[in-house]
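Colleague: I'm new to this one. Could you walk me through it?

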Amino acid sequence: MLVLVAPGQGAQTPGFLTPWLDLPGAADRVAAWSEAIGLDLVHYGTEADADAIRDTAVAQPLLVAAGLLSAAALGDIAPGAVAGHSVGEITAAVFAGVLDDRSALGLVRRRGLAMAEAAAVTGTGMSALLGGDPETSVAHLEKLGLTPANVNGAGQIVAAGTLEQLAALAEDKPEGVRKVVALKVAGAFHTHHMAPAVKALAEAAQEISPADPAVTYVSNKDGRPVATGAEVLERLVGQVANPVRWDLCMETFTSLGVTALVEVCPGGTLTGLAKRALPGVKTLALKTPDDLDAARELISEHS
């Protein structure tokens, strides 16, 4: 059973979209998306530096566009389930048939702008904790006033809060944590700091008529499959201010009988987690078009 997944913010790197635009029709498709949402995705995906694509309002549409473009390059595939991490949930909603490309990119453009505006109120960010006991780490984060915004499984929790709180965490790691790594994001996503963005996203969602998922759609909220398009959209709105439970998503993949997991561009983060948390599951990350043949072979064996 194949699971198709989409990464979240922080996976982007300068120029990562460049090789994908050489595929037939890809440059025209991205140009059309750029015009539709008023953002030059080609420029940001090929020429912009790391600071420019760290901007939440840029990074989020760029990641969704890259995920859709790379998935389309795989051809007509039939995953058993789909999921995305944070903003990747919007990409996954397209994979499931809940949203079309234009609706997804319009929604993520509004999401990125609203979250960037919310993040500008206070200096905030996110840091990944590598290693340690989850319960011990969560208790330590709460003591420092931080939120366990991403519970990713495989020994990884992402803390979110003010820059001062994150600096305190770097100096005072939870017992057993090997390393604290600052993430390439510009806000404390999936925390109360993002509450203002929920209202803006809810207004944007009213303009969308979602379809029910055509394949199993696994939600970040609790790792549960969601049966209706209306509930998928409702969860996409609320999730910006609530923790991501990728650990529970991976538990659901196991219960569904996953045998292979493919992560769309810019792949690597979620396959890395799967290698540690889902032993025996074949994984493949789409980083460049050079990975497409291997991905198609894996998909043909497991879908």
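Modeller: Sure, and one term first: buried means under 20% relative accessible area, exposed means over 50%, and partly exposed is in between, with a 1.4 Å probe and protein chains only. Keep in mind that this is a predicted model, where local features need pLDDT of at least 70, side-chain atom pairs count only at pLDDT 80 or more, and totals for chains, interfaces and linings use all residues. Residues are numbered from 1 along each chain as its sequence is written, and side-chain values use heavy atoms, with hydrogens and water left out.

Colleague: OK. Is F253 buried or exposed?

Modeller: F253 is buried, with a relative accessible area of 0%.

Colleague: Which residues of helix α11 are buried?

Modeller: In α11, residues 246-256, they are W246, D247, C249, M250, T252 and F253. Helices here are DSSP runs of H or I with at least four residues, strands are runs of E with at least two, and both are numbered from the N terminus. W246 has 1% relative accessibility, and C249 has a relative accessible area of 0%. After α11 comes G257, with a positive phi near 90°.

Colleague: How many aromatic pairs are there?

Modeller: The count is 1 aromatic pair. Its rings belong to W246 and F253, with centres 5.7 Å apart and planes at 80°, so the pair is edge-to-face. The rule takes rings of Phe, Tyr and Trp (its six-membered ring) with centres within 6.5 Å; planes under 30 degrees apart are stacked, over 60 edge-to-face, and the rest tilted.

Colleague: Switching to cysteines, how many disulfides turn up?

Modeller: A search of the whole structure finds 0 disulfides, where a disulfide is a pair of cysteine sulfur atoms within 2.5 Å. C265 counts as buried, at 1% relative accessibility.

Colleague: Now sheets. What order do the strands of the open sheet follow?

Modeller: The order of its 6 strands is β8-β7-β2-β1-β9-β10, with mixed pairing. β8 (225-226) and β10 (282-285) are at the edges with a single partner strand each, so one side of each has no neighbour in the sheet. Two strands pair if DSSP finds at least two bridges between them.

Colleague: In which sense do β1 and β9 pair?

Modeller: Strand β1 (residues 2-6) pairs with strand β9 (residues 260-263) in the parallel sense, over 4 bridges. The bridge partner of L2 in β9 is A260.

Colleague: And β5, why call it largely enclosed?

Modeller: Because 7 of the 7 residues of β5 are buried, it is largely enclosed by the rest of the structure. β3 and β5 run antiparallel and are joined by 7 bridges, with A128 opposite V158 in β5. β4 also runs antiparallel to β5, joined by 5 bridges, and V151 stands opposite I157 in β5. The hairpin of β4 and β5 has 2 residues between the strands, and A154 there takes a positive phi near 55°.

Colleague: What about empty space? How much lies in the largest pocket?

Modeller: The largest pocket holds about 450 Å³ of space. It is lined by 26 residues, and the closest to its centre are Q9, G10, A11, L183 and T269. β3 (124-131), β4 (147-153), β5 (156-162), β6 (177-182) and α12 (269-277) each supply at least two lining residues.

Colleague: How do you define a pocket?

Modeller: On a 1 Å grid over the protein atoms alone, a pocket is an open set of points with protein on both sides within 12 Å along at least five of seven lines, while a cavity is a set where a 1.4 Å probe fits but cannot get out; lining residues have an atom within 4 Å of a point. Grid points are joined across faces, edges and corners, and a volume is the space filled by probe spheres set on the points.

Colleague: So how many cavities of 30 Å³ or more does the structure hold?

Modeller: There is 1 cavity of 30 Å³ or more. The elements giving two or more residues to the lining of the largest cavity are β3, α7 (134-143) and β5. The largest cavity has about 40 Å³ of space, and its lining includes L129, D133 and I157.
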